[in-house]
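Please open the model in your viewer and keep the selection tool at hand. The stops below each begin with something to select and then say what is found there.

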Amino acid sequence: MGTQTKYIFVTGGVTSSLGKGIIASSLAKLLQARGFSVTIQKFDPYINVDPGTLNPYEHGECYVTDDGAETDLDLGHYERFLNIPTSQANNVTTGRIYHSVITKERQGAYLGKTVQVVPHITDEIKANFRKLAETGNYDIIITEIGGCVGDIESLPFLEALRQFRWEVGANNSLVVHLTLVPYLKSAGELKTKPTQHSVKELLQTGIQPDILVCRTEYPLPVEIRKKIALFCNVNINSVIEAIDADTIYDVPLLMLKEKLDERALIKLKLPHKREPDMEAWKQFLGKLKNPTSSVNICLVGKYVELHDAYKSIVEAFVHAGAYNECKVNIRWIQSDHLSEENIESKLGGLDGILVAPGFGERGIEGKVLAVRYARENKVPFFGICLGMQCAVVEFARHVIGLEGAHTTEVNPETPYPVIHLMEEQKHIQDKGGTMRLGAYPCVLEKGSKAYQAYGKSKISERHRHRYEFNNEFRELFEKHGMRATGINPDKNLVEIVEIEDHPWFVAVQFHPELKSTVMNPHPLFMKFVQAARHYAQLRSGEVTV
């Protein structure tokens, strides 16, 4: 395309969690399907330097990129929709902006000037708006501004946006504002006032939105659209309805129908005649909505009340399920509620057991119990990160007979530290960004379940953990039937373990869910779903061994 990168900003009003990330991803998908090179970045107004130290209950999962950035879970949506990797540059927080400015000030970069929000903080934000454009790889950059218009935290970002639009000139940027049009049951009508207030709030910062995307439970009639257009200074065909969808993967097609991408291209003076090629996406949706079979898989974790804490795992099941034309029903099991007495009633009759990642001591014994149940009853099992570590602990205790075997994360005094800290990790004090983070290579053993899934011997997967399998015990494990089938070649670290006399027992130290996308479902999730389906058919007598 032309040399000039175009910028689209997505802001939100009325309330948070309206789905700015999904709207941004859907718009990006449509623009990509029209042949433009697009990326998305998220600017978060909170003061944490990154979401790595945030409680999953507050912020959902922490998404990790190839380059080891701990980021907001919206970056997961960006990757799943666009099928391109994101990086450190795609997620910026207030904390990072201030950290950078303060570091420069300490180094004397501002020549004794008083450091202020305007211009120093806003200049730093604008420099970050531009960072991805400087690579020269993108025609269009979509920037999602987190939080809500009117939040104190958002003000510097909106001020930077106001200045930025002025600097890049007309037709080179546009603002999409996401609002809510609630339905009042008692009045029996949709109400536009929250949207009007939200736009007024934005106007007070000096920003006029170009396109309004209105979240609603009911279709927006023409009169309502006219009213919104009149009060908010936008064209009626720039009032876009975003109605509640069955699945987030419907949203790109809904936005296509509403012509969101076309409106954006016209305003940015970009060619818009070529229709987007969404064929592969429609095929995926067709399979997703018309499964030929179903499986019940339980997710054993400690944050199960908040499903967003395991967002990427849930989506990986959606992708793998659709690909296998199999609906995956997830049963959420709180690991600290599992006991010897109730395990049969909680896990009996399921087609697969996934033990989820997590940190800390709470719920570990429940996870170990779930592993034992899967191993002894030959139920397809998938362990991820801490799930793998629990599988190792369980095997050490109940198969090898190492009583009291544990991870040193929970019991530093354990007589059998089958999971432990590597030497270089033992002296670290800071908690933020100090783990094995990002993409690491792994070599697979030929003939293993993992090798069969990937179809190749060299893979790269993303990590987020501190503790590792203790290689001193490796020979003992292999002698008893748990094999290390994936090894990190640089440090000889165990990445994957499998049990030989089990239909499908695979546990991995990395996070495969982070690389699953609509167009490339993750091979391990694909095989796990297939194993669960086969197990379900065996149990119902549809197939025999």
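The tour that follows passes through a surface patch, several salt bridges, a loop residue and a helix. Please keep in mind throughout that this is a predicted model.

**First stop: a nonpolar patch**

Select Tyr 98, Ile 102, Val 117 and Val 118, which make a nonpolar surface patch of about 320 Å². Colour α4 (94-106) and α5 (117-131) as well, since each of these helices supplies at least two residues of the nonpolar patch. If you then centre on Val 118, you will be looking at a residue of helix α5 that is partly exposed, with a relative accessible area of 42%.

**Second stop: a salt bridge between the two helices**

Staying with this pair of helices, select Glu 124 and Lys 104 and show their side chains, which form a salt bridge with the closest N and O atoms 2.7 Å apart. Because Glu 124 belongs to helix α5 and Lys 104 to helix α4, the pair ties together parts that are 20 residues apart in sequence. The two partners are covered to unlike degrees: Glu 124 is buried, at a relative accessible area of 11%, whereas Lys 104 is partly exposed, at 31%.

**Third stop: further charged pairs**

In total, 31 salt bridges are counted in the model, and a few of them are worth selecting in turn. Side chains of opposite charge can pair when their charged atoms come close.

Take Asp 250 and Lys 289, whose salt bridge has its closest N and O atoms 2.8 Å apart. Asp 250 sits in the loop between β11 (239-243) and α9 (251-257), while Lys 289 is in helix α11 (residues 279-289), so this pair ties together parts that are 39 residues apart in sequence. Here Asp 250 is the buried partner, with a relative accessible area of 11%, and Lys 289 is partly exposed, with 43% relative accessibility.

Next select Glu 189 and Lys 191, whose side chains meet in a salt bridge with an N to O distance of 2.7 Å. In this case Glu 189 is partly exposed, at a relative accessible area of 36%, and Lys 191 also counts as partly exposed, at 28%.

Finally, select Lys 42, Asp 44, Asp 72, Asp 74 and Glu 144 together, as these residues are linked in a network of salt bridges.

**Fourth stop: Tyr 218 in its loop**

Move to Tyr 218, which is placed in the loop between β10 (211-216) and α8 (222-232). Is Tyr 218 buried or exposed? With a relative accessibility of 35%, Tyr 218 falls in between and counts as partly exposed. Which residues does Tyr 218 touch, if those up to four places away in sequence are not counted? Add Tyr 183, Leu 190 and Ile 243 to the selection, for these are its contacts. You may also draw a distance from Tyr 218 to Val 181, which are 37 residues apart in sequence and 9.1 Å apart in space, C-alpha to C-alpha.

**Last stop: helix α18**

Select residues 523-540, which form helix α18, with 18 residues and a reach of 26 Å from the first C-alpha to the last, close to the 26 Å expected at 1.5 Å a residue. To see which of its residues are buried, highlight Leu 524, Phe 525, Met 526, Phe 528, Val 529, Ala 531, Ala 532, Tyr 535 and Ala 536. Then step just past the end of α18 to Gly 541, which takes a positive phi of about 80°.

Methods. Residues are numbered from 1 along each chain as its sequence is written. This is a predicted model: local features need pLDDT of at least 70, side-chain atom pairs count only at pLDDT 80 or more; totals for chains, interfaces and linings use all residues. Side-chain values use heavy atoms; hydrogens and water are left out. Helices (H or I, at least four residues) and strands (E, at least two) are DSSP runs, numbered from the N terminus. The expected span of a helix is 1.5 Å times one less than its number of residues. Buried means under 20% relative accessible area, exposed over 50%, partly exposed in between (1.4 Å probe, protein chains only). Contact means heavy atoms within 4.5 Å. Patches are made of residues with over 30% relative accessible area and no salt bridge: like charges are joined within 9 Å, nonpolar side chains (Val, Leu, Ile, Met, Phe, Trp, Tyr) within 5 Å. Accessible areas come from the Shrake-Rupley method with a 1.4 Å probe; for residues, only the protein chains shown count as cover. A salt bridge is a side-chain nitrogen of Lys or Arg within 4 Å of a carboxyl oxygen of Asp or Glu.
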